[in-house]
Amino acid sequence: MNNQAYPVLGIGFGPANLSLAVALQEFGSLDRAHFIERSPGFQWQDEQLLSGADIQNNPFRDLVMPRNQDSPHTFVKYLASRGALTDYLHLNAKFPLRREYAGYLAWVADAFAASVDYGQSAAELSLVDGADGAELFSVETREGRRYLGEALIVGTGRSPRIPHQFLGSTGKTVFHSTRYLSSINALRHRDIRVAVVGASQSAIEIVLDLLERPNVRQVISIQRGIGFRLKDTSPYSRQVFLPDFVDYFHPLPAETRRRLRAELHSINYAACDQDVIDRLVGTQREYELTGSARLRLQPFTEITGLDTAPRGGPHRLSVRDVNHLTQDTVDADVIVLATGFKDFGTGPDDEPYHPLLEGVAHRLPLDGDGIPVVGRDYAIELKASTPRPLKVYLNGLCEASHGMGDAGALAMLSVRASDISRSLLSLRDTRASRRRPAAQALR
């Protein structure tokens, strides 16, 4: 057990908390922070590092550049350190390849290795009394360690959305896209038919990857809509990824925020980039010309049930045309769920709060819908926090309260890290001022 209480304790060390570490270093407060990460080392989207996949984000909007162009931790500095800047510029690419950006993130993470314990998976969160009588966050890990913190930063990413038809059925041949590469590679020696559920960028990238695999006999793309749609890339629409939009969005009533999110949904969800759509259309045309049935697109289709044949036989999906309401079945050996991630909400595919917060659920301030109230600084201040404020910061989990720029998008990393860092510094000053009168009274 570790009885040291960190002023700032972070759970997860992906891009969100890595960007926060960079900001805290700039503010001179990195020595007050410590992070734990379940992976044995830094990794980012290892399960989705597919050939040709890019990040869909301007590389100038990296971990730090919008805040500090002189930082040693920018993407440009990473390229220069490898002698690759000229080659990268020569490519004239709109976005970096996902694999190259993963290298950049790992390069920055190396500089902060002393601030993170890898191989520690947070299992349980609770509150305990510190030596001064004030409450602390206590995080127990599956590996048997305990970490204490005065402020908690949750930067784990959102929970995968598993449609209710598949709950209890996930495993080696039914899995979410976050487990794609390891799961599909484990099946490389089997002759398989694969159904891909979803219409997102991840879904189309997975379809294209499957069609490159010789052991995949057929790929079936199942979608509720008409087919893969083009993203809304208008600069006006993509203002949702600017800091000013957060200021506009956050004060709105909850019902208005829900309506606005629904209106803007196509900017980031169930839509794809032009390049991957062009690749798939070209591949589809090749199959049509040769009479191949290797690619099967099944639009306007919803899944109503799942049956698995005994002795490892194929999965049988019960499906329905969303317009004609006609019933059918689809057989597949493997099912990939490119179905996105949960938001905070009351819908059937939502969750009221991150599962890690269950241990402090009784202290969460709730709105009229029963959802935790998240401040503009990305913090939930626990009820009855005495004698000092007790805050949980949600780093990258706040789409419902802060808008689409918080939906795992890289564009807002540096700005959000600045907001959280300033709030942490303010919290530190508040605690110091509250301790000061007591210390003076002892003199």
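**Helix 4, outer side.** I started with the exposed residues of helix 4. Arg99 and Asp110 are exposed there, on the other side from the buried ones. I note that the model is predicted.

**Helix 4, buried side.** Next I looked up which residues of helix 4 are buried. They are Arg98, Tyr101, Ala102, Tyr104, Leu105, Val108 and Ala109. I then looked down the axis of helix 4. The buried residues fall within an arc of 155°, so they line one face of the helix. A general point helps me here. An α-helix has 3.6 residues a turn, so residues three or four places apart point the same way.

**Helix 4, cover and span.** What covers these buried residues? I found helix 1 (15-26), helix 2 (75-81), strand 3 (116-118) and helix 6 (201-211) among the covering elements. I also checked the span. Helix 4 covers residues 98-110, 13 residues in total. From first C-alpha to last it reaches 18 Å, close to the 18 Å expected at 1.5 Å a residue.

**The sheet.** I moved on to strands 11, 12 and 13. These 3 strands form an open sheet in the order 11-12-13, with antiparallel pairing. Which strands stand at the edges? They are strand 11 (301-308) and strand 13 (327-332). Each has a single partner strand, so one side of each is left without a neighbour in the sheet. The twist averages 30° from one strand to the next.

**Strands 12 and 13.** I looked up how many bridges join strand 12 (residues 315-321) to strand 13. There are 6, and the two strands run antiparallel. I picked out one residue, Val319. Its bridge partner in strand 13 is Asp328.

Note on methods
Residues are numbered from 1 along each chain as its sequence is written. This is a predicted model: local features need pLDDT of at least 70, side-chain atom pairs count only at pLDDT 80 or more; totals for chains, interfaces and linings use all residues. Side-chain values use heavy atoms; hydrogens and water are left out. Two strands pair if DSSP finds at least two bridges between them. Helices (H or I, at least four residues) and strands (E, at least two) are DSSP runs, numbered from the N terminus. Axes are lines fitted to C-alpha atoms, for helices over the stretch in contact, and angles run from 0 to 180 degrees between N-to-C directions. The expected span of a helix is 1.5 Å times one less than its number of residues. Buried means under 20% relative accessible area, exposed over 50%, partly exposed in between (1.4 Å probe, protein chains only). The arc is that of the directions from the helix axis to the C-beta atoms. Contact means heavy atoms within 4.5 Å.
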